[in-house]
Amino acid sequence: MESNNAKLNLFLLHTAVWLAYVLYEVTIVSLLGDKMPYFWDTLLHFALNIGLFYGNYIVIGYLSLKKYKIPYYILLCLLLLAIYTLLLYLLKTTSTKLNIPISYPITSYYTFIIQGIWRGMYFIGLSYGYWFARSAIENEKKIRIKQSEELNLQNEIVLTQLSFLKSQINPHFLFNTLNFLYSQVYGLSRETAGSILLLSDIMRYGLQNPDEDGKSYLDEEINHLKSYIAINQLRFDNKLHIVLTLNGQFEFRKVPSLILITIIENAFKHGDLNDPDFPCLINISVYDNLFDFYIINKKNHLTKPEPSGIGLVNIKQRLNIIYKSDYVWQIEEDENSYALKLQLKI
């Protein structure tokens, strides 16, 4: 509805401007000449002028998307002028044959062609000026939208950081306690002590703040992921069937913080990872400047899936803020399996 209203308002504005312009020219011609211009002659002439104006505007808009603009524009501009002059000639000759009075009949073909081309170039110039002004306004709007999006991204990062800060309920006490438990348990069960260390590393990484851009280093994210898988294997006596495949160089590459662990948690929560014939496959690859993540797992029909999918929804919202639409997010699922593919430029 807003778009239709905007188009209607623009149409009304253009109509008002053209009416004012026609009234201005008619007034000037009447004051400088000895008679009023003829109505139908004036109307048809300005219909041609307005057609040339918008025809040239469309041509400029179309060629602005092309690589070789100037040669094509010169050719199309000459074509528009030729068509305009021809239609102007047909208008005058037809009006003469039909005995329709015209303000300026053809007295010399040479003079007529020169005046027609001059008049056409005048409206082409107006058209180009209009296109330039409107393009400048659109570019300004895009800049403001981009600045607004960057501000929203900064606000999102701040909110994320605040969320992390709120979750850090005396983290030093928590980690000191885990270290104490580790030292007490180490002599009794090294496996249990190792679990405490894994838990400490997982919580320490999860509680740290991301960088200012809301991202963390990919190799750190992968180590966090490995720790999460390892501690869950200990929980379930190493009976989970998970295949993690890593390809490429991950150092010095960054991705949005904690998105991988959120996706993996979703698989652990709603997937069946106990079937050796259908393991959870996790593939993480980096090639050139592209990060490729793929996971597929068997569905656990004993658990009730969350209808909202809050974790994945939050990931998509963050990706939309950071990457706009320049990323791949594909989900494929059937009765027995769930797969997710994510690609990012890094």
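Strands 5 and 6 run antiparallel and are joined by seven bridges; strands, like helices, are DSSP runs numbered from the N terminus, with at least two residues (E) for a strand and at least four (H or I) for a helix. Two strands count as paired if DSSP finds at least two bridges between them. The two strands make a hairpin with two residues between them, and in that hairpin Asp 288 takes a positive phi near 55 degrees. Strand 5 (residues 280-287) also pairs with strand 2 (residues 242-247), this time in the parallel sense and over six bridges. Ser 285 is a handy residue to follow here: Asn 247 stands opposite Ser 285 in strand 5, and in strand 6 the bridge partner of Ser 285 is Asp 292.

All of this comes from a predicted model, in which local features need pLDDT of at least 70, side-chain atom pairs count only at pLDDT 80 or more, and totals for chains, interfaces and linings use all residues. Residues are numbered from 1 along each chain as its sequence is written, and side-chain values use heavy atoms, with hydrogens and water left out.

Asp 292 also leads on to another part of the chain. Its side chain meets that of Lys 341 in a salt bridge (2.9 Å, N to O), a term that stands for a side-chain nitrogen of Lys or Arg within 4 Å of a carboxyl oxygen of Asp or Glu. In general, side chains of opposite charge can pair when their charged atoms come close. As for cover, Asp 292 counts as buried because its relative accessibility is 8%, while Lys 341 is partly exposed, with a relative accessible area of 23%. The cut-offs are under 20% relative accessible area for buried, over 50% for exposed and anything in between for partly exposed (1.4 Å probe, protein chains only).

Lys 341 has a second role in the picture, as the bridge partner of Gln 330 in strand 8. Strand 7 (residues 328-333) and strand 8 (residues 337-345) run antiparallel and are joined by six bridges. They form a hairpin as well, with three residues between them. Further along strand 8 comes another charged pair: Asp 326 forms a salt bridge with Lys 345, the closest N and O atoms being 3.5 Å apart. This pair links distant parts of the chain, with Asp 326 in the loop between helix 9 and strand 7, Lys 345 in strand 8, and their positions 19 residues apart in sequence. Asp 326 is partly exposed at 41% relative accessibility, whereas Lys 345 is exposed at 53%.

The structure holds six salt bridges. One of them sits inside a helix, where the side chains of Arg 144 and Glu 140 meet at 3.3 Å, N to O. The two residues are about one helical turn apart because they are four residues apart in helix 4 (residues 109-167). Arg 144 is exposed, with a relative accessible area of 56%, and Glu 140 counts as partly exposed at 36%.

Over in helix 1 (residues 2-32) lies His 14, which counts as buried because its relative accessibility is 16%. A polar contact of 2.6 Å joins the side chains of His 14 and Tyr 54. A polar contact here is a pair of N or O atoms within 3.5 Å; within protein, one must be able to donate a hydrogen and the other to accept it, and residues adjacent in sequence count only if both atoms are side-chain atoms. Leaving aside neighbours within four places in sequence, His 14 is in contact (heavy atoms within 4.5 Å) with Tyr 54 and Tyr 130.

Helix 9 (residues 310-323) holds Gln 317, which counts as partly exposed because its relative accessibility is 45%. Gln 317 and Glu 156 are 161 residues apart in sequence, yet 9.9 Å apart in space, C-alpha to C-alpha.

Zooming out, the chain comes to nine helices and eight strands. Of its 346 residues, 33% count as buried. Among contacts between residues at least 6 apart in sequence, 73% join residues at least 24 apart.
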